[in-house]
Amino acid sequence: MPATVIVGAQWGDEGKGKIVDLLAQNSDVVCRYNGGPNAGHTIQVDGETFKLRHLPAGIVSEKECVIGAGCVVDPEELVAELDDLAGRGIAVDRVRLSGNAHVIMPWHRTIDQASERRLGKLRIGTTRRGIGPTYADKAFRVGIRVQDLFDPKILRQKIEVALAEKNLWLERVYGAEPLELEELAERCETCAQRLRPHIADTSLLVDRALREGKRILLEGAHGTLLDLDHGTYPFVTSSTTVAGGAAAGIGIGPTRIGAVVGVAKAYVTRVGEGPFPTEIEGPDQVRVRELGGEFGTVTGRERRCGWLDLVALRYATRVNGLTALALTKLDVLSAFDEVPVCLRYRLRDGTETDDFPAHQSDFHHCEPVYEVLPGWREPLEDCAELEDLPEAARRYVDFVEHMLDVEVSLVGTGADREQVLARGRGAALVR
Ligand code: GDP
Ligand code: IMO
Ligand code: MG
């Protein structure tokens, strides 16, 4: 049975954690393929809330969970996350960590923070978790990998080589304190002891699981528009977030993937800087934020809120090859008499397009062209079937499906695991 990718179709925080947790009920192995503790995935089950950073959402139901080579890992944060879950009675012994994943070192965090400060108005608005500097060192081939943590000689050598340069940067460019080799090595080794039982050849593990007919979910962090190559550069993260990255991030061939489920909110949010055509002006922005609880899981920052952008979502459908869409947080829109949906962008020369602009300046200056759909003004929390949705809410879902030409297979009506309505292919996903 081929693997299923779950990918964020907007700028992150679409509710991927919740959807992966739900689909995990019907899966054997859940794998994260990109990113690190810049992700924040909130899962609510029976009134209990879990906030995950590194671990795939399958952990809440104690599935075998893989952190793939495409991820970056902050060892102290990962250990804290494992301990926290174990302390809450969740079995974490089936967490598998790739030795090829790169390690976020303290200098990466310091450089991320200091470089954002230095950029001032031009900052990206990163989560300041050291993500960009870690992926940069990986690409520059001077990174430290998880497997390096287990060899004291290699570890010290690599830290020493890194510090010779990083300390110059920290002190001379960023005015920060230099770091000390032995203290860093000891901190790494303490974490290594705790992580050792989790290290596995995760590419091999997933390949074998696929051969045995196990059901595999490949969970993406962040979202399509934060992808390093295909997102709104430079206001992006530093990993491959799109579905195509799942195969590379885990170490399987793309032929092993059979379905790609995009997750999108029924509106849009964005954290950090960068262009956002459908960002709501006026009091409705605050209403959406309050009703949707749109505050960052990682940084607590206010998320910027906008109306659903079908141009961007059509783009996400294309670059991920979506086979199904999960439309989350439809319940939040119950507060509005009318719900605008962006169908096209108007460019600076007055022409209109329904294709996502390939050039950054066109995107920065485009104006959304809206169609205003009727609202429904009824709570959705208690709907048990798609047919129970108010007529206007159903029309909203059908409209999205029609405009994207992708089945909306799952619809979110509340934060709890059970608050999802399935139809078509969605029924098979959650059965
Ligand atoms: P992720 O990063 O994509 O996993 O999303 P986050 O967890 O950062 O943000 C999504 C938030 O919306 C979380 O607090 C979820 O509990 C919540 N959520 C997910 N689906 C729904 C839904 O259908 N309705 C409502 N009201 N909340 C939802
Ligand atoms: P989940 O997985 C929302 C954003 C940051 C910033 C940019 C770069 O919870 O959906 P980084 O720290 O990655 O270098 O920051 O990317 N960003 C996210 N926004 N949800 C996320 O993850 C994000 N991960 C990164 O806000 O604008
Ligand atoms: Mg999130």
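Strand 19 (residues 408-412) and strand 20 run antiparallel, and 3 bridges join them. In this pair, Gly412 stands opposite Val420 in strand 20. Keep in mind that this is a predicted model.

Let's zoom out to the sheet. It is an open sheet of 10 strands with mixed pairing, and the order is 9-7-5-2-10-1-11-15-19-20. Strand 9 (199-200) and strand 20 (420-422) stand at the edges with a single partner strand each, so one side of each has no neighbour in the sheet.

Now for some parallel pairs. Strand 2 and strand 5 run parallel and are joined by 4 bridges, with Val29 standing opposite Glu64 in strand 5. Strand 5 (residues 64-67) also has residues pointing both ways: Glu64 and Val66 go one way, Cys65 and Ile67 the other, and all are buried. Strand 5 pairs with strand 7 (residues 95-98) too, in the parallel sense over 3 bridges. Here Val66 stands opposite Arg96 in strand 7.

What lies across strand 1 (3-8) at about 160°? That's helix 1, which also lies across strand 2 (29-32), strand 10 (216-219), strand 11 (257-265), strand 15 (324-328), strand 19 and strand 20. Is helix 1 (residues 16-24) enclosed or open? Since 9 of its 9 residues are buried, helix 1 is largely enclosed by the rest of the structure. Buried here means under 20% relative accessible area. Among the buried residues of helix 1 are Lys16, Gly17 and Asp21.

Lys16 turns up again around ligand 2. Of the 20 residues around this ligand, Asp13, Lys16, His41, Thr127 and Thr237 come nearest. Here are some distances from an oxygen atom of ligand 2:

| Residue | Partner atom in the residue | Distance to an oxygen atom of ligand 2 |
|---|---|---|
| Lys16 | N or O atom in the side chain | 2.7 Å |
| Gly125 | polar backbone atom | 3.4 Å |
| Thr127 | N or O atom in the side chain | 2.6 Å |

How much of ligand 2 does the protein cover? On its own, ligand 2 has 540 Å² of accessible area, and the protein covers 98% of that.

One last stop is Asp137, found in helix 4 (residues 131-139). Is Asp137 buried or exposed? Its relative accessible area is 8%, and the cut-off for buried is under 20%, so Asp137 counts as buried. Leaving out residues up to four places away in sequence, Asp137 touches Trp107, His108, Val142, Gly143 and Lys166.

Notes:
Residues are numbered from 1 along each chain as its sequence is written. Chains are lettered from A and ligands numbered from 1 in the order in which they are written. This is a predicted model: local features need pLDDT of at least 70, side-chain atom pairs count only at pLDDT 80 or more; totals for chains, interfaces and linings use all residues. Side-chain values use heavy atoms; hydrogens and water are left out. Buried means under 20% relative accessible area, exposed over 50%, partly exposed in between (1.4 Å probe, protein chains only). Helices (H or I, at least four residues) and strands (E, at least two) are DSSP runs, numbered from the N terminus. Two strands pair if DSSP finds at least two bridges between them. Contact means heavy atoms within 4.5 Å. Axes are lines fitted to C-alpha atoms, for helices over the stretch in contact, and angles run from 0 to 180 degrees between N-to-C directions. A residue is near a molecule or strand if one of its heavy atoms lies within 4 Å of it. A polar contact is a pair of N or O atoms within 3.5 Å; within protein, one must be able to donate a hydrogen and the other to accept it, and residues adjacent in sequence count only if both atoms are side-chain atoms. Accessible areas come from the Shrake-Rupley method with a 1.4 Å probe; for residues, only the protein chains shown count as cover.
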